[in-house]
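Visitor: Hi, I'm new to this one. Could you walk me through it?
Guide: Sure, let's bring it up and go piece by piece.

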Amino acid sequence: MTDRAEVVNLDAIAAIGSFAREGAFYDLIFLDPPYEEDWGRRALEALLKSSIVSEDTLIILECNKREAPPHTAGRLKCVRAKLYGDTQILVYKSGGSVNG
């Protein structure tokens, strides 16, 4: 699996820029930014401006349920959203249709 997956512990915005400069793109991106600081929205915006998201990329965003990340962000659409206590998990896909 190590040849097919990479776990990176970096600031999300900096990592997105670094991966884009390397010419990388990903099938799955998991974002778990600090709660209460609107980092989820910022990370989604950075992904939209980058080249690392393909039409098949799934983006999983974990954030506080009180945060209001967009259900549509540019070409990304939330295709699934679930609440778990104070946490919400949102799954985004390029051109997906909203479904709970």
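Visitor: Which residues of helix 2 are buried?
Guide: In this predicted model, the buried ones in helix 2 are Gly40, Ala43, Leu44, Ala46 and Leu47.

Visitor: How are they arranged when you look down the axis of helix 2?
Guide: They fall within an arc of 160°, so the buried residues line one face of helix 2. There's a general pattern behind that sort of thing: an α-helix has 3.6 residues a turn, so residues three or four places apart point the same way.

Visitor: And what do those buried residues pack against?
Guide: Helix 1, which covers 12–21, plus strand 1, strand 2, strand 4 and strand 5.

Visitor: Let's stay with the helices. How do the axes of helix 1 and helix 2 cross?
Guide: At roughly 10°, and the two axes come within 9 Å. An angle under 35 degrees counts as roughly parallel, so helix 1 is roughly parallel to helix 2.

Visitor: Which residues meet there?
Guide: From helix 1 you have Ala12, Ile13 and Ile16. On the helix 2 side they meet Trp39, Arg42, Ala43, Ala46 and Leu47. Ala43, Ala46 and Leu47 are also on the buried list for helix 2.

Visitor: OK, the sheet now. In what order do the strands come?
Guide: The order is 1-2-5-4-3, with five strands in an open sheet and mixed pairing. Strand 1 (26–31) and strand 3 (72–73) are the edge strands, each pairing on one side only.

Visitor: Where does helix 2 sit relative to that?
Guide: Helix 2, residues 39–49, lies across strands 1, 2, 3, 4 and 5. Its direction is at about 170° to strand 2, which spans 53–64.

Visitor: How do strand 3 and strand 4 pair?
Guide: In the antiparallel sense, over two bridges. Thr72 stands opposite Lys77 in strand 4. The two strands form a hairpin with two residues between them, and Gly74 in the turn has a positive phi of about 60°.

Visitor: What about strand 4 and strand 5?
Guide: They pair in the antiparallel sense too, over eight bridges. One pair of bridge partners is Arg80 with Val91 in strand 5. These strands also make a hairpin with two residues between them, and Gly85 in that turn has a positive phi of about 65°.

Visitor: I clicked on Gln88. Is that buried or exposed?
Guide: Gln88 is in strand 5. It counts as buried because its relative accessibility is 11%, and the cut-off for buried is under 20%.

Visitor: What does the side chain of Gln88 reach?
Guide: The backbone oxygen of Asn64, at 3.2 Å. Leaving aside neighbours within four places in sequence, Gln88 is in contact with several residues, including Leu61, Glu62, Pro69, Lys82 and Leu83.

Visitor: Switching again: where is Glu6?
Guide: In the segment before helix 1. Glu6 is exposed, with a relative accessible area of 56%.

Visitor: How far apart are Glu6 and Arg66?
Guide: In space they're 30 Å apart, C-alpha to C-alpha, and in sequence they're 60 residues apart.

Technical notes:
Residues numbered from 1 in each chain as written. Predicted model: local features only at pLDDT ≥ 70, side-chain atom pairs only at ≥ 80, totals over all residues. Heavy atoms only, no water. Pairing = 2+ DSSP bridges. Helix = DSSP H or I, 4+ residues; strand = E, 2+ residues; numbered from the N terminus. Contact = heavy atoms within 4.5 Å. Axes fitted to C-alpha atoms, helices over the stretch in contact; angles between N-to-C directions. Buried < 20%, exposed > 50% of the residue type's maximum accessible area, 1.4 Å probe, protein only. Polar contact = N/O pair within 3.5 Å; in protein donor to acceptor, adjacent residues only side chain to side chain. Arc of directions from axis to C-beta. Parallel < 35°, antiparallel > 145°, perpendicular 65-115°, else oblique.
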